[in-house]
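Me: Could you walk me through this model with some questions and answers? I'd like to see the reasoning behind each one.

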Amino acid sequence: MAEKTSTTKAAKLALCLSGGGYRAALFHHGALRCLHEMGILQKVTTVSSVSGGSILAAYIARRMHELGITDGISFKNWETDVSAGFREFVLNDIRTLPFLLHVGWNWIAPKWRVRHLQRNYARRLLTISKNEGKSEIKLSDLPQEPYFVFCSTDLTFGVNWLSTRDEFGDYKVGYAKSKDRPLSLAVTASSCFPPIFGPMILNLDADEFKNGSYQKEDRASLLGHLNLSDGGVYDNLGIEPVDRGYETVIISDGGSPFGYVRKGGAIGRLLRVNSVIMRQVGSLRKRIFFTGISREQHSGGYISIGSEGVPPVKAGAFNGYRGPETRTMISSIRTDLDLFDDSEARILENHGYYEMFHRLTAKLSYLLPTPLPSATTPHPAWTDELAVAEALRDSGKRLSARRIWTSIRRKIS
């Protein structure tokens, strides 16, 4: 049973967006495009996000704020209002420069690198132009509906830390009003994946946080040096905030599939142990989700970037990437915050779109309108699987000379 949080409330439809860097964000992007096209995204009442999912959720919240949309995720034209701008954003490598600049002291003072990451989010993702100049989106600027919940891991108390338009905290620490806290703080805390990025260290006033279950005498000292890390450390699917009180829960999982590989050496074994631990955490979350469905506590659907999917719904048409080699290449794309080129972005968007469409028609058909709209491939130019394989040949590599050169040229220009 999950801890009770202040964001638990009665609602009808919840959406969970997993971690997994830009790759997950772009996969979710396609899934949400499908939900929007089918008229379902407009009915979502809560979006719970982690890491890469939080990047996309924050961008959508920003666009809603810019366009004056206050009641549900409803855009006039998804391609021009959301997709084009988000593909432009992922052309920015926001991790390499912070990594290199702070490599000499990051293990001693990790806060500088993670604050650099926050500045990148603030400048490139969450700043909008107003009459009086530029302004960064704040948590209090988030719409009332859907209710956006950005999940991080409180390393100090070992629980899920939540950032919303109203509150900021967890059930151990208590909750403070979000006030003027920047949205970039929530997104950074949600996506500062270890060990590349150390924890975000917050100096908090214990008196500001109310109703926390931890009230021992060292409370003020602990809050004065609170450590927040990537939300995936605790719950990479973002399920906990919505595991009760929702009629339908839809999960989009863009995380890395668990590979059966041999790792040699001390570092390899250590990383493998960490992978096994993380896998078990994810398996437990999914088990809770599917148990809730079997007990009729809620209905729901789950899609994964590495799933086998379902049979095509219409013979002779493009219904997603069906070839096992293509699907393996897509699920092997790096989970990172470096530059993702236009082809990678469009392929991942196509993939997320059709995985969601197949899941809706197979498991959640009651949510779909009648008559059922035809699926519209977001990017028809990227339906040929041979072309996809060629475009993704280096996409699994953390370092690529081609991407580095492209990133340098973008910075120079």
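**A walk through the model**

Me: Happy to start with a loop. Where is Ser51 placed?

Reply: Bear in mind that this is a predicted model. Ser51 sits in the loop between strand S2 (46-50) and helix H2 (52-67).

Me: Is Ser51 buried or exposed?

Reply: The phi of Ser51 is near 50°, a positive value in a residue other than glycine. Most residues other than glycine have a negative phi. The relative accessible area of Ser51 is 6%, and the cut-off for burial is under 20%, so Ser51 is buried.

Me: And Lys179, is that buried or exposed?

Reply: Lys179 has a positive phi of about 50° too, although it is not a glycine. Lys179 is found in the loop between strand S8 (174-177) and H6. Its relative accessibility is 53%, and the cut-off for exposure is over 50%, so Lys179 counts as exposed.

Me: Which loop holds the proline that follows Thr370 in a cis peptide bond?

Reply: Most peptide bonds are trans. The bond from Thr370 to Pro371 is cis, with omega near 0°. Pro371 is found in the loop between H11 and H12.

Me: Which residues are joined by the cis bond that leads into the loop between helix H6 (183-191) and strand S9 (200-202)?

Reply: The loop between H6 and S9 contains Pro195. The cis peptide bond there has an omega of about 0°, and it joins Pro194 and Pro195.

Me: Now helix H10 (residues 324-331). Why do its buried residues line one face?

Reply: The buried residues of H10 are Thr326, Arg327, Ile330 and Ser331. Seen down the axis of H10, these residues fall within a limited arc, so they line one face of the helix. On the other side, Pro324 and Glu325 are exposed. The arc that holds the buried residues is 130°.

Me: What covers that buried face of H10?

Reply: Cover here comes from contact, meaning heavy atoms within 4.5 Å. What covers the buried residues of H10 includes helix H1 (21-37), helix H11 (342-363) and helix H12 (385-391).

Me: How many residues apart are Arg87 and Glu349?

Reply: Side chains of opposite charge can pair when their charged atoms come close. Arg87 and Glu349 meet in a salt bridge at 3.6 Å, N to O. This pair links distant parts of the chain, with Arg87 in helix H3 (residues 78-89) and Glu349 in helix H11, and they are 262 residues apart.

Me: What is the relative accessible area of Glu349?

Reply: Arg87, the partner of Glu349, is buried at 7%. Glu349 is also touched by His29, which is a buried residue of helix H1. Glu349 is buried, with a relative accessible area of 0%.

Me: Which residues form the network of salt bridges around Arg346 and Asp342?

Reply: Arg346 and Asp342 meet in a salt bridge at 2.5 Å, N to O. Being four residues apart in helix H11, they are separated by about one helical turn. Salt bridges that share partners make one network of Arg33, Glu79, Arg87, Asp342, Arg346 and Glu349.

Me: How many salt bridges does the count come to?

Reply: Another of them joins Asp336 and Arg95 at 3.0 Å, N to O. That pair links the loop between H10 and H11 to the loop between H3 and helix H4 (96-101). The count comes to 22 salt bridges.

Conventions. Residues numbered from 1 in each chain as written. Predicted model: local features only at pLDDT ≥ 70, side-chain atom pairs only at ≥ 80, totals over all residues. Heavy atoms only, no water. Buried < 20%, exposed > 50% of the residue type's maximum accessible area, 1.4 Å probe, protein only. Helix = DSSP H or I, 4+ residues; strand = E, 2+ residues; numbered from the N terminus. Arc of directions from axis to C-beta. Salt bridge = Lys/Arg side-chain N within 4 Å of Asp/Glu carboxyl O. Lists of a residue's contacts leave out its neighbours within four places in sequence.
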